[in-house]
Amino acid sequence: MSSDEDCRIVSNEPSYSAAVSGKNKISSDQVPKFTCPMCPQVCEELCIIEAHIENEHLNGLEEQISEDNSKPFNSAVHACPLCSQTFKDTLSLEFHFRAQHDVLQNEESTSKAQTLILSCPVCLSEFGSEEPLAQHVNLHFSTHISNDVDEELARKLEQEERCLMQNKERDDFKRLQSMHGFDQGRNLNRQCDANLFRSVKKGNMSAVDYHEKRIMLKMSEKIGLDDGSSATLDITNHIRKLTVAQSTHMCSAVDHYAASFGDSGWGCGYRNLQMLLSAILRNPQYADRLLNLCPSTSSTSDSSIKVPSISRLQSAIEEAWKMGFDEQGCEQLGGKLSGTCKWIGATEIATLLASCRIRYRLIDFHRPTSADGKLHPALFDWVKNYFEETSEFKPPLYFQHQGHSRTIIGIEERAQGNARLLILDPSHKSDQMRLLTNNSGSAQNNPAIAKKILVPMAALKAKQYQIVCADGGFVVDEHEYSQSRVIRSTRIP
């Protein structure tokens with residue numbers, strides 16, 4: 001290659017000034033001063049420092065290149081004016097200078113890159129160039145998410161979901177507390193007054209009846225005996241008229257106690273306990289064991305049976321706890337029932353009976369026993385055997401399931417092996433139950449009541465049931481009495 005051709009190659013390359021001027025100008029507020037890379041010269045404007053480099057340094061370099069190009073090829077060594085590196089030809093030297101020492105152009109590119117901000121369309125993370133942004137966006141749609149931003153987003157979503165679950169659990173717990181009487185905002189007397197006042201406001205009760213009812217309830221609570229306003233006495237024989245089967249087995253005489261103004265919604269356990277006590281208080285031997293519970297009750301006449309009030313039953317269970325009966329149940333209910341609306345269940349019934357030296361049986365039907373896992377044939381068989389056994393005295397059965405309790409007073413065996421339980425429910429209104437005591441107390445005349453009392457197996461939809469039976473006689477031995485402080489149950493199957 002000739003010297004002229006070498007000169008044309010060099011002269012055809014864009015000059016330093018042209019290369020820099022093609023770029024966006026660097027504003028003065030971004031880079032306030034520019035320093036010459038070849039000498040200490042400092043200028044405030046880019047164009048001035050460009051002209052300085054072009055005139056003072058590059059022109060000399062081009063003259064040196066022209067002189068060197070006139071020499072024989074590869075006959076000289078060309079040194080970089082800014083570093084000690086040498087080159088065999090001027091073209092290599094120029095490429096080296098522009099690549100390694102073009103400081104102004106590098107600063108301009110860096111400043112321009114720093115001002116470029118790109119955002120991820122998924123999580124709004126910011127990036128300075130397109131390549132890392134593209135890699136980041138691809139991770140959002142990858143099957144294996146390993147990006148820190150995505151993991152943080154997942155943690156935030158999980159935390160928000162956990163907070164929602166905690167709030168829901170807190171609200172459910174408050175509702176459960178209110179349902180079971182653990183909230184301190186209501187009790188028997190407050191609820192009674194509120195419901196009585198509501199009845200007056202609706203026109204269902206006069207002001208005179210309101211005050212008379214309040215006085216009766218206060219007197220009843222003071223003496224510890226139920227006022228009997230919600231009771232339907234000796235209803236057993238009247239219910240027998242509802243049955244149509246020839247084979248019906250029933251318990252001894254029992255009274256029905258309905259929920260009243262003060263215990264509606266939470267007092268079913270106490271009302272069923274009153275039904276059980278209305279039966280066993282008719283038996284002189286059992287009545288003697290319950291003198292501490294209701295000393296004014298006489299067992300000589302059915303018409304004079306008075307069962308303990310709800311407040312008296314609450315205090316009696318608390319007394320049993322203080323004697324060491326059912327310590328676990330005592331702890332669960334906080335050791336206090338009086339003045340609250342707390343629910344009681346089968347274990348509290350067993351606790352009261354055990355503290356009165358009455359033997360009990362607590363039967364736990366903990367799961368359905370039918371082939372399809374929905375029905376309770378084992379429960380029906382047990383109830384049938386209980387009522388079929390010959391006995392002079394047959395107490396009713398306390399019948400517990402989740403959220404409610406009832407009283408089984410008998411069983412009706414029908415054709416083809418079908419059977420129906422005879423059940424008294426505290427939710428049955430006393431006005432409805434008293435219709436059975438008139439002469440027209442048959443199933444044809446009272447189909448709605450008969451449907452509530454005669455319960456087939458398919459109507460028992462709960463998973464678990466418990467029965468408390470009080471036909472075991474009495475505890476005389478002190479060792480047995482001490483052992484009865486621990487409530488035990490029998491599981492079937």
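This section walks through the buried interior of a predicted model, from its nonpolar cores to a single serine in a loop.

The nonpolar interior makes a convenient starting point. In soluble globular proteins, nonpolar side chains tend to be buried together. Here, the largest nonpolar core has 85 residues, and those with the most contacts inside it are I239, L379, V383 and I467. Helix 11, spanning residues 268-280, gives the most to this core, with seven residues. A second, separate core holds six residues, including F34, C43, I49 and I53. Returning to L379, its contacts beyond four places in sequence are F365, F399, L421, L460, Y465 and I467.

One of these contacts, F399, leads to strand 11. All five residues of this strand, 397-401, are buried. Both faces are covered, with L397, F399 and H401 on one side and Y398 and Q400 on the other. Strand 11 also has partners in two other strands. It runs antiparallel to strand 12 (residues 404-413), to which five bridges join it, and it pairs with strand 15 (residues 465-469) through four bridges, again in the antiparallel sense. Q400 is a handy landmark for following both pairings: this residue stands opposite S405 in strand 12 and opposite Q466 in strand 15. The hairpin of strand 11 and strand 12 has two residues between the strands, and G403 takes a positive phi there, near 85 degrees.

Strand 11 is in turn one of the elements against which helix 15 packs its buried residues. Helix 15 covers residues 346-355, and nine of its ten residues are buried. The buried set is not purely nonpolar by name: E348, T351 and S355 are among them, alongside residues such as I349, L352 and L353. Besides strand 11, the buried residues of the helix pack against helix 11, helix 13, strand 10 (361-365), strand 15 and helix 19. R357 follows helix 15 and has a positive phi, near 65 degrees.

R357 also provides a link to the aromatic residues, as its charged end sits over the ring of Y481, 3.9 Å from the ring centre. The structure holds eight aromatic pairs. In one of them, the ring centres of F325 and Y481 are 5.5 Å apart and the planes meet at 65 degrees, so the pair is edge-to-face. F325 belongs to the loop between helix 13 (310-322) and helix 14 (327-332), whereas Y481 belongs to helix 19 (residues 478-483), so this pair ties together parts that are 156 residues apart in sequence. Both F325 and Y481 are buried. Elsewhere, F365, W382, Y386 and F387 form one aromatic cluster. Y386 has a charged companion as well: the charged end of K394 sits over its ring, 4.8 Å from the centre.

Finally, a polar residue deserves a look. S230 lies in the loop between helix 9 (207-223) and strand 7 (231-232). Despite its place in a loop, S230 has a relative accessible area of 4%, under the 20% cut-off, and therefore counts as buried. A polar atom of the S230 side chain lies 2.9 Å from the backbone oxygen of A258. A258 is also one of the residues that S230 contacts beyond four places in sequence, together with H256, Y257, R271, S430 and R434.

Terms used:
Residues are numbered from 1 along each chain as its sequence is written. This is a predicted model: local features need pLDDT of at least 70, side-chain atom pairs count only at pLDDT 80 or more; totals for chains, interfaces and linings use all residues. Side-chain values use heavy atoms; hydrogens and water are left out. Buried means under 20% relative accessible area, exposed over 50%, partly exposed in between (1.4 Å probe, protein chains only). A polar contact is a pair of N or O atoms within 3.5 Å; within protein, one must be able to donate a hydrogen and the other to accept it, and residues adjacent in sequence count only if both atoms are side-chain atoms. Contact means heavy atoms within 4.5 Å. Two strands pair if DSSP finds at least two bridges between them. Rings of Phe, Tyr and Trp (its six-membered ring) pair if their centres lie within 6.5 Å; planes under 30 degrees apart count as stacked, over 60 as edge-to-face and the rest as tilted. A charge sits over a ring if NZ of Lys or CZ of Arg is within 6 Å of the ring centre and within 35 degrees of the ring normal. A nonpolar core is a set of buried Ala, Val, Leu, Ile, Met, Phe, Trp, Tyr and Cys residues joined through side-chain atoms within 4.5 Å.
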